[in-house]
Amino acid sequence: WTDPARPVRILTFGDSGSGSVEQAQVRDAFMEHEFDLFLHLGDMAYGSGTFTEFETNMFDVYRDLLVKTPSWPTMGNHEAKTDGGQPYLDVYYLPEQAVREIEQERYYSFDYGDVHFVSVDSNEAMVIVAELQSLAGEDNMIEWLRQDLAASDKPWKVAFFHHPPYSSSERDPNHLVRNQILPVLEEGGVDLVLSGHDHHYERTEPIWEGALAPGGSKGLTSIVAGAAGAGIRKATGDWWTASVEDKKYSFVSLTIEGCTLTGKALSSEGEMIDEFTMDGCQN
């Protein structure tokens, strides 16, 4: 489907695959809505991304969604624990766009309507390898990302991967993502970053080059949507935080229509946690 006149409705969340009661409650809540795309932000098969865990904690839980809604994933750190993520690579059939055969399906992009989506592997091993390849003057995931974004003329660009560039949880900031991936996203005109890994909901203010974007200018908004089933962790907010919720399990719904993106974070009880809009036509 490529009709730009029709809204694009997106369901997204990560860190769901625990098999918990809360995972099922979040599922029941989002099944009350209709979506065109499902972006899973990683950690869909705790604890080690085995075939059995995929079957039990991903496909059994979400089968009523998956039979009608295309699913586009990104690899979490738990999926990478078994054979370097081989079960993940086997259970999904993803675009083969990587620069090396051994990296196929670990990163890719696709278009849907007026939106260009790009998924990269933000696991430490993959980012470090890309950094070393770049220093050696070799093609790599980061350079592929730069070229992919530059080649797209879509008015909206959305990047999704597992590890968030900005999060106020108890974990340390992910400097690999900030230093290696984020500058390429800014250069490439990305509007929105979606990540999981940290088990709460958080949305940043628009950020540009490591600081709040000046009023009226375009910045990059990041969302942590990691409260879909695994145990929630504390998050207190920081200088970048526009909204944070660390007590309720949740999912995120995005609707893109024309120049406007409307985002909602909804709890497993259907309560509105956060609502925001973005202007994709802003220079």
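Angles under 35 degrees between helix axes count as roughly parallel, and those that fall in none of the named ranges count as oblique. Keep that cut-off at hand for the exercises below, and remember that this is a predicted model.

**Exercise 1. Find how helices α1 and α2 are oriented, and which residues join them.**

Step 1. Start with the geometry: the axes of α1 (residues 21-30) and α2 approach within 10 Å, crossing at roughly 20 degrees.

Step 2. Apply the cut-off. Angles under 35 degrees count as roughly parallel, and α1 and α2 are therefore roughly parallel to each other.

Step 3. Add the handedness: the crossing of α1 past α2 is right-handed.

Step 4. Now list the residues. From α1 come Gln23, Arg27 and Phe30, while α2 supplies Asn57, Val61, Tyr62 and Leu65. Sorted by class, this contact has four nonpolar, two polar and one charged residues.

**Exercise 2. Helix α6 packs with α5 and with α4. Work out the orientation of each pair.**

Step 1. Take α5 (residues 141-151) with α6 (residues 175-187): the angle is about 15 degrees and the axes lie 9 Å apart. Angles under 35 degrees count as roughly parallel, and α5 and α6 are therefore roughly parallel to each other. Their crossing is right-handed.

Step 2. Look at who meets whom. On the α5 side are Ile142, Leu145, Arg146 and Leu149, and on the α6 side are Gln180, Ile181, Val184, Leu185 and Glu187. The classes here are six nonpolar, one polar and two charged.

Step 3. Take α4 (residues 124-135) with α6: the angle is about 45 degrees, with 11 Å between the axes. α4 and α6 are therefore oblique to each other. The crossing of this pair is left-handed.

Step 4. List this second contact. Glu124, Val127, Ile128 and Glu131 of α4 touch Leu176, Gln180 and Ile181 of α6. They divide into four nonpolar, one polar and two charged residues.

Step 5. Look for overlap. Gln180 and Ile181 of α6 appear in the contact with α5 and also in the contact with α4.

**Exercise 3. Describe the nonpolar cores, and follow Phe251 outward from one of them.**

Step 1. The largest nonpolar core holds 50 residues, and Phe30, Phe110, Phe117, Phe160, Leu194 and Phe251 have the most contacts inside it. Helix α2 (residues 51-66) gives this core its largest share, five residues.

Step 2. A second core, separate from that one, has 25 residues, among them Trp144, Leu149, Leu182 and Leu220.

Step 3. Now follow Phe251. Beyond its neighbours within four places in sequence, the contacts of Phe251 include Leu11, Phe13, Val26, Phe30, His33, Phe35, Lys264 and Leu266.

Step 4. Link this to Exercise 1: Phe30, a contact of Phe251, is also one of the α1 residues that meet α2.

**Exercise 4. Decide for Ser253, His116 and Asp114: buried or partly exposed?**

Step 1. Ser253 sits in strand β13 (residues 250-257). Its relative accessible area is 13%, and buried means under 20%, so Ser253 is buried. Away from its sequence neighbours within four places, Ser253 touches Ile10, Phe35, Thr262, Gly263 and Lys264.

Step 2. His116 belongs to strand β5 and, with a relative accessible area of 5%, is buried. Setting aside neighbours within four places in sequence, the contacts of His116 include Phe110, Asp111, Asp148, Leu149, Trp156 and Lys157.

Step 3. Asp114 lies in the loop between β4 (108-112) and β5 (115-119). At 22% relative accessibility, Asp114 counts as partly exposed, because buried requires a value under 20%.

**Exercise 5. Find the backbone features in the loops that contain Asp15, Asp43 and Gly47.**

Step 1. Asp15 is in the loop between β1 (8-13) and α1. Its phi is near 55 degrees, which is positive in a residue other than glycine. With 0% relative accessibility, Asp15 is buried.

Step 2. Asp43 is in the loop between β2 and α2. Although Asp43 is not a glycine, its phi is positive, about 60 degrees. Asp43 is buried too, with a relative accessible area of 1%.

Step 3. Gly47 lies in the loop between β2 (37-40) and α2. The peptide bond from Tyr46 to Gly47 is cis, and its omega is near -5 degrees.

How values were computed. Residues are numbered from 1 along each chain as its sequence is written. This is a predicted model: local features need pLDDT of at least 70, side-chain atom pairs count only at pLDDT 80 or more; totals for chains, interfaces and linings use all residues. Side-chain values use heavy atoms; hydrogens and water are left out. Helices (H or I, at least four residues) and strands (E, at least two) are DSSP runs, numbered from the N terminus. Buried means under 20% relative accessible area, exposed over 50%, partly exposed in between (1.4 Å probe, protein chains only). Contact means heavy atoms within 4.5 Å. A nonpolar core is a set of buried Ala, Val, Leu, Ile, Met, Phe, Trp, Tyr and Cys residues joined through side-chain atoms within 4.5 Å. Axes are lines fitted to C-alpha atoms, for helices over the stretch in contact, and angles run from 0 to 180 degrees between N-to-C directions. Angles under 35 degrees count as roughly parallel, over 145 as roughly antiparallel, 65 to 115 as roughly perpendicular and the rest as oblique. A crossing is left-handed if the near helix is turned anticlockwise from the far one by less than a right angle, and right-handed if clockwise. Ala, Val, Leu, Ile, Met, Phe, Trp, Tyr, Cys and Pro count as nonpolar, Asp, Glu, Lys and Arg as charged, and the others, Gly among them, as polar.
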